[in-house]
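Student: Can we go through this structure together? I'd like to ask things as I look around.
Tutor: Sure, go ahead and ask.

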Number of protein chains: 4
Amino acid sequence: MIKVAICGGSGYTGAELLRILLMHPEVEITAVTSEKSAGKRVTDLFPHLHRYAHLVFEPLNKDELAGKADLFFLALPHAASQEAVDFFYKKGKKVIDLSADYRLADTAVYEEWYKTPHNFKGTLKEAVYGLPELHRERIKKAQLVANPGCYPTGAILGLYPAIKAGIIDTATIIIDSKSGTSGAGRKAETAYAYCEVNEGFKAYAIAAHRHTPEIEQELSTIAGKKLIVNFTPHLLPVDRGIFSTIYVKAAEALDTGDVLKLYNTTYATEQFVNVLEEGVFPNIINVRGSNYCAIGLKVNKRTGTLIIVTAIDNLVKGASGQAVQNMNLVMGFPETTGLESLALFP
Amino acid sequence: MIKVAICGGSGYTGAELLRILLMHPEVEITAVTSEKSAGKRVTDLFPHLHRYAHLVFEPLNKDELAGKADLFFLALPHAASQEAVDFFYKKGKKVIDLSADYRLADTAVYEEWYKTPHNFKGTLKEAVYGLPELHRERIKKAQLVANPGCYPTGAILGLYPAIKAGIIDTATIIIDSKSGTSGAGRKAETAYAYCEVNEGFKAYAIAAHRHTPEIEQELSTIAGKKLIVNFTPHLLPVDRGIFSTIYVKAAEALDTGDVLKLYNTTYATEQFVNVLEEGVFPNIINVRGSNYCAIGLKVNKRTGTLIIVTAIDNLVKGASGQAVQNMNLVMGFPETTGLESLALFP
Amino acid sequence: MIKVAICGGSGYTGAELLRILLMHPEVEITAVTSEKSAGKRVTDLFPHLHRYAHLVFEPLNKDELAGKADLFFLALPHAASQEAVDFFYKKGKKVIDLSADYRLADTAVYEEWYKTPHNFKGTLKEAVYGLPELHRERIKKAQLVANPGCYPTGAILGLYPAIKAGIIDTATIIIDSKSGTSGAGRKAETAYAYCEVNEGFKAYAIAAHRHTPEIEQELSTIAGKKLIVNFTPHLLPVDRGIFSTIYVKAAEALDTGDVLKLYNTTYATEQFVNVLEEGVFPNIINVRGSNYCAIGLKVNKRTGTLIIVTAIDNLVKGASGQAVQNMNLVMGFPETTGLESLALFP
Amino acid sequence: MIKVAICGGSGYTGAELLRILLMHPEVEITAVTSEKSAGKRVTDLFPHLHRYAHLVFEPLNKDELAGKADLFFLALPHAASQEAVDFFYKKGKKVIDLSADYRLADTAVYEEWYKTPHNFKGTLKEAVYGLPELHRERIKKAQLVANPGCYPTGAILGLYPAIKAGIIDTATIIIDSKSGTSGAGRKAETAYAYCEVNEGFKAYAIAAHRHTPEIEQELSTIAGKKLIVNFTPHLLPVDRGIFSTIYVKAAEALDTGDVLKLYNTTYATEQFVNVLEEGVFPNIINVRGSNYCAIGLKVNKRTGTLIIVTAIDNLVKGASGQAVQNMNLVMGFPETTGLESLALFP
């Protein structure tokens, strides 16, 4: 059993970590922090976590926490995470950071999109981008993992085989994504009030969302050249799920069957990626609560366009589930431990 | 007062016609048909229409109906509408057809996408495509109006000014649309059962939806050359609304403000198109129950892409509201009669 | 045309007043107030109200407002409304108050349940409880109308005929009510965030809700003796609608048909109450956006219980629609003006 | 490992059994039947069950099935289950029947409410009503368990301690229940279509629901005398969850704290019943996907009424989860095996 602490546990990703880790046989939760809710019981905020009856939020006292755990999940707001990550990293702790602070290797890009300086460039160099399907071997050896953003996870997994195989025109990538409302976090804001979201649908942050450079960084690495993409997020009136519809020009005359074969081959040994049969396409309803990414695709022969659609649960494969997957890799546990449950449907 | 009959009144578009027409001062409903529900009261199927207490569904007996009304709304299934339209048309009646049967001028295209022959090519030639913003003057003089499909309405209104002005590369049009579930009609099918749709989101009919040629026909006319488009519909877990996110390459260096000016100018006198201010984007929640189309747009300078987003209520501007708008034009009533109510929010 | 001002227009009931009044031929809106949103356009908060393009929220400057309008709708928070009502009342203005401040005739009861003193007992005496089905003639002559609460409207209309006719045991009334989330107002609170309400259902304020004394006051008046009731509100994951399931012991051997006859007779001339046929029961979906109250009932012969179920739209018959109905009565307009539209379904 | 077959596996309860049993270390699924879907893969109907890639629905060939499994879950329609249960029972198999066919000990009551004869009275005598909190010791020794209905589970657990302790007037029980839509099963019916349920709420089967005699049977046993109850089910626009609001006259002057103490004592050793603290009440959102029943209560001192509220997931504690709990008891496995996961929130 390893001792695990969760810093920033009062949001949905924190609660989801607790939910998942309860079923993990190798983990003992020794601390959960929240500044705002310090002193409250976890069950005061999250009655569904009733089996953590004795767990109480504490403030993020780094020195004290360092003595309590071997591995730290950090679910802190962007920018706020920088220093905490650096602190625990330097104490020799394993760190899985769910913020964006250690995802972008180029601090100039980070500073441009997040409008804040990065003050821990040395530690940043040690971070591995925690998408196991791309960087499994590096993650296994990492002490610090930057857990991917929710949108990037679905987008990158959808594009990886096609870009790697060089079958698409990388100048024309369009990623039209739709996210459940839990992606916005647990916020007391009118914009996320029930009556403002229910029965609605809208685009937001058009041509300006912060996950854009993260997607571009990873796709560029795969392509071996700098890519830019059109990425448009939308808000779905559901709790969970990200659905991405991706449009790319085919570099040559492609056939749906051939592309599916390529995807199946690329992901043959992946436990958490399901490439669907020809004519079958994902629905977020079928991944809700699970760590799986479902992928379907079709070539539009009339327009010469490859259309890839992917679905994940933004709180699981898009956040806390992937964080546990990364922990498993970092600690040498079987990669699927604690993550094998299927989606809750309906 | 004109006498109006609704053929095929037991679906959502039929019910919506009844709801809207109740507030129309120039219209008297004299008959509503339904084969399956013949003999039942309208209120047996639709309790919300309680002010039509004495209206009973009758079978579609064309000869009998011809004596009952001056204008016919046909909300019959595709293919089934062909003959009924022709019949009432030849009887000298005004006809607003909500099916797809008289929308496509080229019967070869119709037959390819709808897999059924078109047997009334003579009458088809008389039909006017009922998008008032494009064809108002022809509609005013028409006896037969082919009411547009829901997806085409939102897509064409979003693209019309840009294509007409020649500011985009028409070879690269991508239309990513999301529709509320009422767009599927009132059906006893597992696929549209509550638990199968709620909390879900999926794409369907990828590269194969029948509204594709309808969109292409109208955009080609605007462009003055044959266009093909990528069109992907998705199913939204809401009752009403279609949201379209449209991506086009800019033909030249465009600025968001300039494009907005163009859109404002193009739609300056349109009562039912709202071009939103820079930085403001539509949400289907704000058009629900109304006949308005809201349009927002932004140029992505990094990628040279113009992103246009439009929102309509699929049952109103996308079907029954637009049908009433067309009736108003055909009959010489003020275009907005019966259609002035704002969206129901929340 | 009368000049109308809305004080406290930035919530859902304010927006709903604006939506309804746009279609009212006798009304001109001359002012809308909001402290928090003063200086903002109405459309900045409510894009669906785009036909009020030039209306701007102003602060509640009572002296200035007094010169602007003949009739005032007050949609201010409880307690805050007391003084404003008194002010406009004393200026000789017609006032429709949507708060609870002038609903309870007994200030001791008000002070017990609202935990705040009532400082305008003289003006309180002039207020008429604005449920037209009970107090129409008094409302017509009133200068100040206390618009009923949403829960009381559905509960009282459901019980009025039975209590008046003396056919039930008034000692055993149980009112189990379920309200859509808009009933909580437009609030930036975590408890009403989308993910906290969606897919959920809960009771709240059990045995402690402030609408209890209001229900008891009106039912006691009908019964001619003091009644107390069990009232339990619940939160429904829908935007609009209140459904009340009411259980009462039958005072004698009752038959469903006989009770329905009584209800039909009692409400025979009411425009906004629909007593449904035997075997038919209401659904909030069928009153959404309309000013109608639908009532169904059944006698459980096994247990000797009369079960009455009622449905209203909490923002319309439960708030703003009823306020307009009261305005119509106060001003001598036809009672249904502006309120005739049917429910938006689906 | 025991071999388990599921008869009637194409509905939501069948799918839920598969979802739960995948995580059960002692179970191997050897057959799943469906008449309508025979020959189809489980994943054709339920893509979320993708880890059952090779499982195919087969027809209910009883003789063949008898050789395939040691324990049978029967999720067949009412009446259809009678014979199949009898068959497997007589073959010496363990049977957990999720239908209503073996729940009512009195066949006259069964025949009155289900309008069909009971042809296996001998086998019926051997059935144990599978509510572990009431009948654990008998279930452990049973070969045939009649798994309780969803509504009865929540209602009986809410009333058991109060009736057993004799603190309420059992002549006045009112159970107002609200169920998620999955309770209606996986049906192609217009009444359960998305747009008919979404944003709606209604009562149904008022004073006539078939779960009434089941509730009365169990409560009568607890009370030691024959009881009748008012039970009203409602349809909630959510996937999962049953919330019951129960009203009973207090037999004596009760205090909320004392009643809570009684409930805590009664359920002290129960793993799946959570009695909440004073002032805290359940929400179906917090039991979704879990086997827990949450109970809150309050005494209304003004009216002398005890109000008990309970929440369960209708597909888990209300059906398939409880069926697995019963299997665990029957087989001698730890009672919580496979059932320990917490609710999925949000």
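Student: At which residue does helix α8 of chain C bend?
Tutor: Keep in mind that this model is predicted. Follow α8(C) along its axis and you'll find a bend of about 40 degrees, with a proline, C:P161, within four residues after it. The residue at the bend is C:L159.

Student: How far does helix α8 of chain C reach from its first C-alpha to its last?
Tutor: The helix runs over residues 150-165, so 16 residues in total, and at 1.5 Å a residue you'd expect 22 Å. The model comes close to that. From first C-alpha to last, α8 of chain C reaches 24 Å.

Student: How many residues of α8(C) are buried?
Tutor: A residue counts as buried when 20 or more other C-beta atoms lie within 10 Å of its own. By that test α8(C) is largely enclosed by the rest of the structure. Of its 16 residues, the number buried is 14.

Student: Which residue follows α8(C)?
Tutor: Look just past the end of the helix for a residue with a positive phi, near 70 degrees. That's C:G166.

Student: Is C:T245 buried or exposed?
Tutor: C:T245 sits in strand β11 (residues 242-249) of chain C. It touches residues of two chains, among them C:D176, C:I307, D:A203 and D:T232. Around C:T245 there are 24 other C-beta atoms within 10 Å, and the cut-off is 20 or more, so it is buried.

Student: What separates the C-alpha atoms of C:T245 and C:F88?
Tutor: Along the chain, these two are 157 residues apart. In space, their C-alpha atoms are separated by 38 Å.

Student: Which class supplies 19 residues to the side of chain B that touches chain A?
Tutor: Start with the contact itself: 36 residues of chain B meet 36 residues of chain A. Strands β8, β10 and β11 are among the elements of chain B that each supply at least two residues to that side. By class, that side has eight charged residues, nine polar ones and 19 that are nonpolar.

Student: What kind of axis relates chain C to chain B?
Tutor: Two copies of a chain are related by a rotation about an axis and a shift along it. Here chain C superposes on chain B after a rotation of 180 degrees with 0.0 Å of shift, at an RMSD of 0.0 Å. That relation means a two-fold axis.

Student: And which C-alpha of chain C is nearest the axis?
Tutor: It lies 4.1 Å from the axis, and it belongs to C:L344.

How values were computed. Residues numbered from 1 in each chain as written. Chains lettered and ligands numbered in written order. Predicted model: local features only at pLDDT ≥ 70, side-chain atom pairs only at ≥ 80, totals over all residues. Contact = placed C-beta atoms within 7 Å. Nonpolar A, V, L, I, M, F, W, Y, C, P; charged D, E, K, R; others polar. Buried ≥ 20, exposed ≤ 12 C-beta atoms within 10 Å, placed from the backbone. Bend = angle between axes of the 7 residues up to and from the residue. Least-squares fit on C-alpha atoms with pLDDT ≥ 70 in both. Lists of a residue's contacts leave out its neighbours within four places in sequence.
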